[in-house]
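Visitor: Before we begin, could you take me through this model and give the reasoning behind each label?
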Amino acid sequence: MEASSFIFSKNNKTPNTGQFTWSSPSNIALVKYWGKKENQIPENPSISFTLDACKTTTTLRFTEKEHDDSFSFDMIFEGKKNQDFKPKIETFFKRIEAYLPFLRNYHFTIETENTFPHSSGIASSASGMSALALCLMSIEKEINPAITPEYFNQKASFLARLGSGSACRSIEGDLIVWGKHANIEGSSNLYAVKYPYQVHDNFKKYHDTILLVDKGEKQVSSTVGHNLMHNHPFAQQRFTQAEENMTKLIDVLKTGDLKTFIEIIESEALTLHAMMMTSMPYFILMKPNTLEIINAIWAFRKKTGLHISFTLDAGANVHVLYPEKEAADCIEFIKNELVAYCQNGHYICDRIGFGAKLRNN
Ligand code: DP6
């Protein structure tokens with residue numbers, strides 16, 4: 001598919017008013033997206049687990065307005081009018097306007113809330129942008145009811161990507177690929193797709209316990225971090241490595257080889273942070289307790305032989321990953337030894353999920 005396939009063709013009358021509510025999850029990348037070209041095109045393919053508990057619910061209300069000169073919207077975040085997100089939404093609307101020309105015809109009220117606390121250090125851009133993209137697609141579907149579910153999801157992912165790259169991986173579940181990869185059929189830089197090959201039972205119902213090490217605002221945004229991959233001394237090797245890790249994962253996911261799985265995902269997490277530490281300007285998002293947790297996981301794994309592992313986002317929090325069949329022992333270890341490193345003892349028990357849901361309005 002080309003980007004032009006997503007240009008809106010208006011056949012029917014647009015509704016005067018209406019509302020849609022979507023609930024959309026966050027996701028955690030196993031092979032990381034870090035570095036992008038113009039128009040939110042990733043430098044390398046990435047793959048993620050869709051999460052279940054961490055999600056954003058967004059209600060989009062729309063009313064036709066008289067003049068279609070500018071974008072008009074109010075943002076209500078967790079019950080209160082919020083101006084902070086407005087520039088991001090304005091940029092998003094500008095980027096997607098060519099694909100949804102009805103945007104200027106309406107005044108929108110975007111009411112949104114997260115299941116995770118606002119100041120948790122968990123980025124809400126993936127769940128937030130995907131929820132908003134889905135609400136907008138519901139308007140498109142009302143105008144053009146003939147669009148297929150496949151097109152609906154593809155275009156929702158395509159639009160979400162233009163809001164925040166990783167958001168395109170939050171539409172469906174449970175394993176999602178974004179970015180063209182020669183060995184993954186149907187993969188695209190424009191939108192994410194469900195991982196199309198066999199997945200071993202070891203990876204079904206995988207757990208992700210998110211340890212909230214630092215709930216403060218990040219010092220460096222992902223967008224700035226991505227840009228620092230331009231002229232980065234290790235960029236090309238990093239993009240090649242990500243391609244290779246995707247290839248290796250295809251086999252690992254099929255055979256259920258947890259040992260190699262852990263090697264790949266932990267290396268990916270540390271490489272992501274290594275890229276931050278070696279960019280110019282350089283920066284460090286890990287905190288002392290991030291390292292304490294990583295070392296405790298390695299020691300426990302060595303002692304028990306259990307397949308507990310970690311990955312990191314662009315922040316200090318640690319995602320502790322483990323398979324369903326080892327969950328009881330891993331949870332006990334987390335509670336006894338890792339929660340002490342969390343800010344105010346806060347953590348979130350999450351697991352693989354199956355994508356966004358339309359709520360009854
Ligand atoms: C480290 O999707 O937040 O989480 O496209 O600029 O909005 P923008 O960046 P964003 O970057 C996420 C980076 C990451 C890795 C990943 O999710 O693949």
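Guide: The questions that follow concern one strand residue and the surroundings of the ligand, in a model that is predicted.

Visitor: Why is isoleucine 28 called buried?

Guide: Isoleucine 28, which is found in strand 1 (residues 17-31), has a relative accessibility of 0%, and because buried means under 20%, isoleucine 28 counts as buried.

Visitor: Which residues does isoleucine 28 touch, not counting residues up to four places away in sequence?

Guide: With heavy atoms within 4.5 Å taken as contact, isoleucine 28 touches Ile47, Ser48, Phe49, Leu51, Asp208, Thr311, Asp313 and His319. As for histidine 67, 39 residues apart from isoleucine 28 along the chain, the two C-alpha atoms are separated by 41 Å.

Visitor: What makes the approach of tyrosine 33 to the ligand a polar contact?

Guide: A polar side-chain atom of tyrosine 33 lies 2.6 Å from an oxygen atom of the ligand, and since the cut-off for a pair of N or O atoms is within 3.5 Å, the pair qualifies as a polar contact. By that criterion lysine 36 qualifies too, with a polar side-chain atom 2.7 Å from a ligand oxygen atom, as does arginine 169, for which the value is 2.7 Å. The protein covers 94% of the 460 Å² of accessible area that the ligand has on its own.

Visitor: How many residues surround the ligand, and how do they divide by character?

Guide: There are 17 residues around the ligand, the closest being Tyr33, Lys36, Ser164, Gly165 and Ser166; the shell divides into five nonpolar, eight polar and four charged residues, and its largest share, three residues, comes from helix 4 (residues 222-227).

Terms used:
Residues are numbered from 1 along each chain as its sequence is written. This is a predicted model: local features need pLDDT of at least 70, side-chain atom pairs count only at pLDDT 80 or more; totals for chains, interfaces and linings use all residues. Side-chain values use heavy atoms; hydrogens and water are left out. Helices (H or I, at least four residues) and strands (E, at least two) are DSSP runs, numbered from the N terminus. Buried means under 20% relative accessible area, exposed over 50%, partly exposed in between (1.4 Å probe, protein chains only). A residue is near a molecule or strand if one of its heavy atoms lies within 4 Å of it. A polar contact is a pair of N or O atoms within 3.5 Å; within protein, one must be able to donate a hydrogen and the other to accept it, and residues adjacent in sequence count only if both atoms are side-chain atoms. Accessible areas come from the Shrake-Rupley method with a 1.4 Å probe; for residues, only the protein chains shown count as cover. Ala, Val, Leu, Ile, Met, Phe, Trp, Tyr, Cys and Pro count as nonpolar, Asp, Glu, Lys and Arg as charged, and the others, Gly among them, as polar.
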